[in-house]
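Reader: I would like a close look at one part of this model, taken slowly and with its surroundings kept in view. Please start from a single side chain and work outwards.

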Amino acid sequence: MSHFIVTPFIKKNNKFALFTVNASFGIKENKTFNSVEEAKDFPLVQQMFYLPFVKSVELMDNGLVLERFDILDWKDVIDEVGQEIQKYLNDGGKVTAALDLKKIPVTVYAESTPNPSVMKFVANKMLVDAVYEFKSIEDTSTAPIAAALFQFPFVKEIFLDTNYISINKKEEVEWETIVMEVREFIRAYIEDGKTIISSAASAQETFSSSATPLEELDETSQEIVKIIEDYIKPAVASDGGNILFDNYNTEDKSVQVVLQGACSGCPSSTITLKNGIETMLKEMLPAYPTVSTCPPVPFPSKYLDSFFSK
């Protein structure tokens, strides 16, 4: 199952709608079509002309621009059109008669992380739309790519987020001896259009930095989650990891978080918590919280002692 995500936008004049896709179509130059006949070699564009309100279609490398007739407003149909385009692509629909999206060239590069045991493999296309973490091959029944990677005897843990895979290796090997083999394996797997995550998989985290619904948290906890989401999480993700808010103790003003991916077990995680996360929270919140970590799900919920003195 491919994971194409289509994001719709209405242009200011309301005549045109832009639909961006999280992948390259392999189109070198934009092409404009004014009828279904002109689009005979472009199945995706033809599908658009079957909509009675579409006047013209511009095909770009990473999306479409549709012009409408004056018989409706884009706000009434734009979400539905975006969903239809997304479904067409995810069902294996072709952009051009000669182009199969699953065979678009894929590039993967390896990026070191602050955790010497973890390497981050970054692809030029979206892999998943949520966060997934696998501690053993037994956890991978709905994640074929993780199951395949666990066939390498040196793979200890796997973490997936957006367009990258972080792999935690066992101590008996060094990354310099295995990194090229793993990188090529991942690249070929993705380019062949094999399933990354099955539709039955359950994401540990989707669009929030808290496992608890935001509206169920107290006001201070909501502020902490927002700070994590807007300021801390992007920096952690760039290092191949993830951070989740666990809880806020109103009595001692302490925060507990879950570190995943490259951040889990990283030798520098204590410094990250103290000098990065805790310092930022103290600067931005009147509560002046301290921060500690607890084991990631599904490990036991008994918390580790706080890294920091108040």
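Is tryptophan 74 buried or exposed, and what is its relative accessibility?

Author: The model is a predicted one, and in it tryptophan 74 counts as buried, because its relative accessibility is 0%. A search of the whole structure finds eight aromatic pairs, and one of them joins tryptophan 74 to phenylalanine 53 in an edge-to-face arrangement, with 5.8 Å from centre to centre and 90 degrees between the planes. This pair links distant parts of the chain, since phenylalanine 53 belongs to the loop between helix H1 (43–49) and S4, whereas tryptophan 74 belongs to the loop between S5 and H2, 21 residues apart. Phenylalanine 53 also counts as buried, in its case at 8% relative accessibility.

The strands named here, S4 and S5, lead to the sheet. It is an open sheet of five strands in the order S1-S2-S5-S4-S3, and the pairing is antiparallel. Strand S1 (6–10) and strand S3 (31–33) stand at the edges with a single partner strand each, so one side of each is left without a neighbour in the sheet. On average, and with direction ignored, neighbouring strands of this sheet are turned by 20 degrees against each other. Strand S2 (residues 16–21) is joined to S5 by five bridges, and the two run antiparallel; within that pairing, phenylalanine 16 has glutamate 67 in S5 as its bridge partner. Helix H2 (residues 78–90) packs on the sheet and touches S1, S2 and S5, while its direction makes about 150 degrees with that of S1.

Glutamate 67 deserves a further word, for its side chain forms a salt bridge with lysine 55, and the closest N and O atoms of the two are 3.9 Å apart. Glutamate 67 lies in strand S5 (residues 63–68) and lysine 55 in strand S4 (residues 54–60), so this salt bridge ties together parts that are twelve residues apart in sequence. The two partners fall into separate classes of exposure: glutamate 67 counts as buried at 14% relative accessibility, whereas lysine 55 counts as partly exposed at 36%. A separation of 3.9 Å is accepted because the rule for a salt bridge asks for a side-chain nitrogen of Lys or Arg within 4 Å of a carboxyl oxygen of Asp or Glu. By this rule the count comes to twelve salt bridges.

Another of these salt bridges joins the side chains of arginine 68 and aspartate 70, at 3.3 Å from N to O. Salt bridges that share partners bring Lys15, Arg68, Asp70 and Asp73 into one network. Within it, arginine 68 is buried, with a relative accessible area of 6%, but aspartate 70 counts as exposed at 60% relative accessibility. A further salt bridge pairs aspartate 41 with lysine 40, where the closest N and O atoms are 3.4 Å apart; here aspartate 41 is partly exposed, with a relative accessible area of 39%, and lysine 40 is exposed, with 59%.

For the surroundings, one may turn to the other sheet described here. It is an open sheet of five strands in the order S6-S7-S10-S9-S8, with antiparallel pairing. Its edges are S6 and strand S8 (131–134), each having a single partner strand, so one side of each is left without a neighbour in the sheet. Neighbouring strands of this sheet are turned by 20 degrees against each other on average, when direction is ignored. Strand S6 (residues 108–112) and strand S7 (residues 118–123) pair in the antiparallel sense over five bridges, and they form a hairpin with five residues between them; alanine 110 has phenylalanine 121 in S7 as its bridge partner. At the other edge, four bridges join S8 to strand S9 (residues 155–161), the two running antiparallel, and phenylalanine 134 stands opposite isoleucine 158 in S9. Helix H4 (residues 175–191) lies across S6, S7 and strand S10 (164–169), and runs at about 30 degrees to S7.

Aromatic rings return in this part of the chain as well. Phe152, Phe154, Phe185 and Tyr189 form one aromatic cluster, while the ring of tyrosine 164 has the charged end of lysine 120 sitting over it, 4.5 Å from the ring centre.

Note on methods
Residues numbered from 1 in each chain as written. Predicted model: local features only at pLDDT ≥ 70, side-chain atom pairs only at ≥ 80, totals over all residues. Heavy atoms only, no water. Buried < 20%, exposed > 50% of the residue type's maximum accessible area, 1.4 Å probe, protein only. Pairing = 2+ DSSP bridges. Axes fitted to C-alpha atoms, helices over the stretch in contact; angles between N-to-C directions. Contact = heavy atoms within 4.5 Å. Phe/Tyr/Trp six-rings, centres within 6.5 Å; stacked < 30°, edge-to-face > 60°. Lys NZ or Arg CZ within 6 Å of the ring centre and 35° of its normal.
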